[in-house]
Amino acid sequence: MTEELMNNCRICPRECGADRLSGNRGVCRAPAEVMVARAALHAWEEPVISGKNGSGAVFFSGCSLGCIYCQNYEISAAAEPGRTQRAGMQSAELPGKAVSVRQLADIFLRLQDTEKANNINLVTATHYVPQTAEAIRLAKENGLRIPVVYNTSGYEKVSSLRMLEGLVDVYLPDFKYITPSLAQKCSRASDYPDRAEEALREMVRQRGEPVFGPEPGNEENRLILSGVIVRNLLLPGHVEESKKIVRYLHETYGNRIYISLMNQYTPMEAVRDDPLLSRKVTKREYERLVTYALEIGVENGFIQEGETAEESFIPAWNGEGVR
Ligand code: SF4
């Protein structure tokens, strides 16, 4: 099944048809085997994900969206849509290590049993969904009990999300843009708003209302066990865009989802010359967004406090924990 999907790959909305089995690369630049850049405890997610013990984050190499301002660009580095890459490009060109489904399942189990992670946090696994679904299934057969969090750009196909039904407990999608021209400019994906809306509808259908429980060993903390948290990263100069997104999310889903408003945008080298994206978000911009969310009645939400827009929050992609 997985092999069939890899020889004419259409598992993400790019549908670029790359024959990954023959060594070709699509927009995501991913080979047929899973590449993992880092697997370690991570403290920088929402408190209901990280808790005190930390989230067991598995960062996958490659990305099908490839935002121009990506803070993880070293491991994402998507290719130009429409240009698949020739056979012969080696997996060494993406940072990280290639792992089998069995090894990926073992990584999940090690994060649970040795690192005592609160959950398995799959960061940008979109282009490896079939293999990841197999690995979760295998890990569950071998004792994986903690929730599985699917942490995604939101640019997903419903058919791929259905492969994860019953395996993923918490969906953690971004909702980055609602205006196609902005999605095109920043991610070369004018269809992002449509795909993200469809994907979110499917995620809420699968998981329903959020469910919380105490953190093991820190019972005063609450962790999300099931449900959907939607993130919006406020872009500098784009408060109105984020307001439209928050309104859409609130009017469509109300309290069935949590909304996480993020201010940690970090200008990277690639956007140094962009008139808006080359700076951080101001305190005033973020306050305007948070005030708006409160005014329209958002109750289930997370906001960020203090200085979070620092490159030091970006982990090292050195293959830590991948073995
Ligand atoms: S997952 Fe990668 S190869 Fe497959 S359709 Fe998407 S971009 Fe193309």
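**Two helices and a glutamine**

Trainee: As α7 passes α8, is the crossing left-handed or right-handed?

Mentor: Both helices are DSSP runs (H or I, at least four residues), numbered from the N terminus. If the near helix is turned from the far one by less than a right angle, anticlockwise counts as left-handed and clockwise as right-handed. When α7 passes α8, the crossing is right-handed.

Trainee: Cool. What can I trust here, and at what angle do α7 and α8 pack?

Mentor: It's a predicted model, so to speak of local features we need pLDDT of at least 70, and side-chain atom pairs count only at pLDDT 80 or more, while totals for chains, interfaces and linings use all residues. Residues are numbered from 1 along each chain as its sequence is written, and side-chain values use heavy atoms, leaving out hydrogens and water. Axes are lines fitted to C-alpha atoms over the stretch in contact, with angles from 0 to 180 degrees between N-to-C directions. For α7 (residues 192–207) and α8 (residues 239–253), the axes are 13 Å apart and the angle is about 35°.

Trainee: Which residues of α8 does α7 meet?

Mentor: Contact means heavy atoms within 4.5 Å. From α7 come E197, L200, R201 and V204, and they meet Y248, L249 and Y253.

Trainee: How far apart in space are Q304 and E46?

Mentor: Q304 lies in the segment after β10 (301–303). In sequence, Q304 and E46 are 258 residues apart, but C-alpha to C-alpha the gap in space is 8.8 Å.
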